[in-house]
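Here is a short tour of one protein model, meant to be read with the structure open beside it. Turn it around as you go.

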Amino acid sequence: MLLFVNSSMFLVLSQKILRRLNSSLKWKTLPKAGVPVVPGAIIKTDEDVDKAVKEIGLPMIAKPDNGVGAAATFKLETEDDINHFKAEWDHETVYFFENL
């Protein structure tokens with residue numbers, strides 16, 4: 001169990017629940033409970049990819065935002081890595097990019 005506390009909220013989450021939450025949901029909600037998160041971005045288009053690279057910078061991890069664990073995860077360190085991701089991505093799966 002994890003217990004997150006701030007002045008107005010107690011949040012208890014089991015490890016099982018945390019693993020099932022998608023990355024973007026954790027990224028959006030945990031800061032509200034006072035839990036720091038790394039910089040990240042929700043990726044739905046090629047333009048989102050370019051914006052994330054510009055705003056967050058490299059290196060980043062790109063992972064599907066549907067709770068599949070390490071499947072279809074990319075480590076993005078160079079422009080070649082970005083191009084490889086764009087070529088392999090089906091453009092239907094929403095991704096979450098997070099700073100390393």
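## A strand on the inside

Let's start with β4. Four of its five residues are buried, so β4 is largely enclosed by the rest of the structure. Keep in mind throughout that this is a predicted model.

What does β4 pair with? On one side of the bookkeeping there is β5, which runs antiparallel to β4 and is joined to it by three bridges. Alanine 62 has phenylalanine 74 in β5 as its bridge partner. Then there is β6, also antiparallel to β4, with five bridges between the two. In that pairing, isoleucine 61 stands opposite glutamate 98 of β6. In a regular strand, side chains alternate between the two faces of the sheet.

## The overall layout

Stepping back, the protein has four helices and six strands. Read from the N terminus, the order is β-β-α-α-β-α-β-β-α-β. The chain is 100 residues long, and 27% of them count as buried.

Among contacts with a separation of 6 or more, 52% are between residues 24 or more positions apart. As for the outside, the protein exposes about 6400 Å², and 54% of that comes from carbon and sulfur atoms.

## The nonpolar core

Which residues touch the most other members of the largest nonpolar core? The core has 13 residues, and the answer is Ile43, Val49, Ala62, Leu76, Phe85, Tyr95 and Phe97. The elements giving two or more residues to this core are β3 (40-43), α3, β4, β5, α4 and β6.

Leucine 76 is a handy place to look around from. Leaving out residues up to four places away in sequence, leucine 76 touches Leu58, Pro59, Met60, Ala62, Asp81, Ile82, Phe85 and Phe97. Two of the names there, Phe85 and Phe97, come back in the next section as an aromatic pair.

## Rings against rings

The structure holds six aromatic pairs. One of them is phenylalanine 85 with tryptophan 89, which is stacked, at 5.3 Å centre to centre and 25° between the planes. Both of those residues are buried. Phenylalanine 85 also pairs with phenylalanine 97, this time edge-to-face, with 5.3 Å between centres and 75° between planes. That pair links distant parts of the chain, since phenylalanine 85 sits in helix α4 and phenylalanine 97 in strand β6, twelve residues apart.

Are phenylalanine 85 and phenylalanine 97 buried or exposed? Phenylalanine 85 has a relative accessible area of 0%, so it counts as buried. Phenylalanine 97 also comes out at 0% relative accessibility and therefore counts as buried. Zoom out a little and you find one aromatic cluster made of Phe74, Phe85, Trp89, Tyr95 and Phe97.

## The loop between β4 and β5

Now for the stretch that connects β4 and β5, where threonine 73 is found. At 33% relative accessibility, threonine 73 counts as partly exposed. Its contacts, again not counting residues up to four places away in sequence, are Ile61, Ala62, Lys63 and Pro64. Threonine 73 is twelve residues from phenylalanine 85 along the chain, and their C-alpha atoms are separated by 9.3 Å.

Alanine 72 lies in this loop too, between β4 and β5 (74-76). Its backbone is worth a look: alanine 72 has a positive phi of about 60°, although it is not a glycine. With a relative accessible area of 45%, alanine 72 is partly exposed.

## Two more backbone spots to check

Where is histidine 91? You'll find it in the loop between α4 (79-88) and β6 (95-99). Histidine 91 is not a glycine either, yet has a positive phi of about 60°. It is partly exposed, with a relative accessible area of 36%.

The last stop is a peptide bond. The one from leucine 58 to proline 59 is cis, with omega near 0°. Proline 59 belongs to the loop between α3 (46-56) and β4 (60-64), which brings us back to the strand we began with. Leu58 and Pro59 are both among the residues that leucine 76 touches.

How values were computed
Residues are numbered from 1 along each chain as its sequence is written. This is a predicted model: local features need pLDDT of at least 70, side-chain atom pairs count only at pLDDT 80 or more; totals for chains, interfaces and linings use all residues. Side-chain values use heavy atoms; hydrogens and water are left out. Buried means under 20% relative accessible area, exposed over 50%, partly exposed in between (1.4 Å probe, protein chains only). Contact means heavy atoms within 4.5 Å. Accessible areas come from the Shrake-Rupley method with a 1.4 Å probe; for residues, only the protein chains shown count as cover. A nonpolar core is a set of buried Ala, Val, Leu, Ile, Met, Phe, Trp, Tyr and Cys residues joined through side-chain atoms within 4.5 Å. Rings of Phe, Tyr and Trp (its six-membered ring) pair if their centres lie within 6.5 Å; planes under 30 degrees apart count as stacked, over 60 as edge-to-face and the rest as tilted. Two strands pair if DSSP finds at least two bridges between them.
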